[in-house]
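Here is a short, friendly tour of one chain. Have the viewer open as you read, and follow along from the cysteines to the core and the charged pairs.

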Amino acid sequence: MSKNILLLVCCALAQVTPLIYQAIFGYGEYYIYPSLMSHSLLIIPIVIIFLLKNRYSKVFLLVWIAWLYVGELKILTYFAINPYFISMDEGCIVYNIYLIFLSIGMLLHDANTQMPMVSEEDQIAGRLIYNDLGAFEYVLLAFPLIWILDFVRNVGFIPILSGHDVTDTMYGLSYGYVYNFGFFNCLSAVLLYDRFLKSPDKRRKTFWLAMLIVSIVIMSADSKRLYLLVSLLAIFVYDKLMSGSMTINSKTAVMVVSGIFLYVILQNIRLGSTTESPFARDGLPLGAEFREYIRAVNEFKPGEIPGYDLAASTVGAFVNSFLLKIAGFDKSELVHKDSAYSFMKLFDSENTLGIRTGLTSEVYFAYGFYGLIIITFFGWLISHISYRLVCVTQKSSLIFLSTIYGLLVLTAFGQSSVTVGCLSVLSYLYLLMALVKRLSRQQDTLPPHLV
């Protein structure tokens with residue numbers, strides 16, 4: 001199938017999706033469906049996917065488009081179980097307008113950036129990367145074990161293995177100091193996968209694959225799923241970069257299926273209902289964040305969410321608590337102005353859990369359509385990171401960028417305060433590594449009598 005024909009097919013399918021929904025589900029309440037107009041807007045980001053040169057930008061945009069469909073199916077399947085009023089169309093239109101400007105931001109950077117040429121010999125040989133990690137590699141490989149030992153020492157048990165619903169307590173436990181650096185588990189997972197890839201024989205490959213699985217189990221000990229999803233996305237990117245080509249193959253399918261399976265299983269385990277079908281309870285077991293975003297659009301306008309301040313919470317989550325205290329701010333107080341806490345009691349006054357609704361929701365409810373400027377810059381930034389990925393030659397940078405890419409993909413349904421909090425923790429390690437490298441270079445340049 002030629003590229004132009006494939007483009008026309010994708011645009012046509014996007015356009016007629018609302019009609020397909022109506023034929024499949026057959027609900028008489030037409031407010032539950034997105035409109036043809038809302039899906040007409042999808043044509044622009046679909047066209048831009050075909051115009052982008054960088055395949056990592058394409059994948060990012062494709063995931064964000066796919067999230068719309070996941071959210072729509074979540075609402076439609078949930079409606080059969082709990083048929084309360086939820087009008088989907090306005091929220092879908094807002095999401096797709098933001099999607100258009102995200103894709104435009106990507107295209108602006110992509111059109112003005114030269115794609116590096118890779119020779120056929122380099123594609124066959126695979127990516128050549130200089131290993132500059134030194135002793136940090138061994139620390140990161142051992143980090144999941146350090147993390148879980150400190151976790152158990154402070155908590156006294158492993159929530160995911162408790163056998164009952166832990167959603168009411170999981171955010172109120174005292175996890176200890178090392179827990180705050182749990183995002184390093186994602187770096188560890190990528191390094192373990194790297195060891196698996198480069199092992200020369202089956203025995204060692206089996207060992208490192210087992211260690212990777214153990215690390216994934218460890219990072220899920222608190223029943224939260226962020227690290228798991230970021231790790232799988234980072235491993236996907238790392239695998240494609242090391243192989244020298246962005247092909248979708250059986251390994252890709254295994255990663256996608258594994259991620260969805262583990263996401264759903266963890267949800268059931270943390271609710272203490274491992275035998276209950278998630279479909280019978282919630283419909284499609286993915287997309288709850290999009291459903292809550294749609295509910296918010298139905299009932300609130302930008303600027304109307306009580307206590308919500310995206311800028312303050314983002315700064316509070318990123319900046320070190322000591323520096324904030326010097327400036328006269330309380331980190332906890334700032335973070336509690338984020339979307340998760342502010343949206344928490346919008347629909348249930350008894351709710352004690354944060355509600356994630358995604359970056360589009362956060363920016364829209366903070367700034368309305370002025371937020372399109374922010375999402376355009378965000379698209380430009382994603383394209384910039386995608387080009388850095390295909391040009392990087394140092395192992396440390398490749399691992400960091402793969403992990404950051406995975407984290408930012410999840411902003412489709414994530415929470416900005418968590419995202420920038422992870423980036424803040426990552427920046428500490430990056431600065432420490434840069435300092436050690438600089439001191440090592442200075443040491444190497446000293447005259448022998450001064451060493």
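How many disulfides does the count come to? The answer is zero. Please keep in mind that the model is a predicted one.

Cysteine 186 shows how this plays out. Its sulfur has its closest cysteine sulfur in cysteine 422, and because the two are 7.1 Å apart, they are too far for a bond. Cysteine 186 counts as buried, because its relative accessibility is 0%. Cysteine 391, by contrast, is partly exposed, because its relative accessible area is 45%.

**The overall fold**

The chain has 21 helices and zero strands. Of its 451 residues, 49% are buried. Look at contacts between residues at least 6 apart in sequence, and you will find that 78% of them join residues at least 24 apart. On the outside, the chain exposes about 21,700 Å², with carbon and sulfur atoms supplying 67% of that area.

**The nonpolar core**

In soluble globular proteins, nonpolar side chains tend to be buried together. In this chain, the largest nonpolar core holds 118 residues, and the members that touch the most others are Phe60, Leu61, Trp64, Trp147, Phe290, Phe365 and Phe378. The element that gives the most to this core is helix α10, spanning residues 226-243, with 12 residues.

Phenylalanine 290 is a good one to click on. Beyond its neighbours within four places in sequence, phenylalanine 290 is in contact with Trp67, Leu68, Gly71, Glu72, Ile75, Cys92 and Tyr95.

Leucine 241 sits in helix α10. Leucine 241 counts as buried because its relative accessibility is 3%, against a cut-off of under 20%. The C-alpha atoms of leucine 241 and valine 392 are 9.9 Å apart, although 151 residues separate the two along the chain.

Phenylalanine 151 belongs to helix α7, which covers residues 136-155. With a relative accessible area of 1%, phenylalanine 151 is buried. Its C-alpha atom is 7.6 Å from that of valine 178, a residue 27 places away along the chain.

**Charged pairs**

A search of the whole structure turns up 13 salt bridges. Three of them are set out here.

| Salt bridge | Closest N to O distance |
|---|---|
| Lysine 395 and aspartate 194 | 2.7 Å |
| Arginine 291 and glutamate 292 | 2.8 Å |
| Lysine 240 and aspartate 239 | 3.9 Å |

Which parts of the chain does the salt bridge between lysine 395 and aspartate 194 link? Lysine 395 is in helix α20 (residues 395-409) and aspartate 194 is in helix α8 (residues 184-198), so the pair links distant parts of the chain, 201 residues apart. Both lysine 395 and aspartate 194 are buried. Lysine 240 and aspartate 239 are both buried too.

In the pair of arginine 291 and glutamate 292, the arginine is buried with a relative accessible area of 13%, and the glutamate is buried with 9%. Elsewhere, salt bridges with shared partners join Glu137, Asp194, Arg195, Lys198 and Lys395 into one network.

Glutamate 292 has further partners worth viewing. Glutamate 292 is placed in helix α13, residues 288-299. A polar contact of 3.3 Å joins its side chain to that of arginine 295. Leaving out residues up to four places away in sequence, glutamate 292 touches Phe347, Ile355 and Thr357.

**A buried serine**

To finish, turn to serine 57, in helix α4 (residues 55-79). Is serine 57 buried or exposed? Serine 57 counts as buried, because its relative accessibility is 0%. The side chains of serine 57 and serine 386 are joined by a polar contact of 3.3 Å. Setting aside neighbours within four places in sequence, the residues in contact with serine 57 are Leu52, Met106, Ile382, Ser383 and Ser386.

Note on methods
Residues numbered from 1 in each chain as written. Predicted model: local features only at pLDDT ≥ 70, side-chain atom pairs only at ≥ 80, totals over all residues. Heavy atoms only, no water. Core = buried A, V, L, I, M, F, W, Y, C linked by side-chain atoms within 4.5 Å. Buried < 20%, exposed > 50% of the residue type's maximum accessible area, 1.4 Å probe, protein only. Helix = DSSP H or I, 4+ residues; strand = E, 2+ residues; numbered from the N terminus. Contact = heavy atoms within 4.5 Å. Polar contact = N/O pair within 3.5 Å; in protein donor to acceptor, adjacent residues only side chain to side chain. Areas by Shrake-Rupley, 256 points an atom, 1.4 Å probe, with all protein chains shown as cover. Salt bridge = Lys/Arg side-chain N within 4 Å of Asp/Glu carboxyl O. Disulfide = S-S within 2.5 Å.
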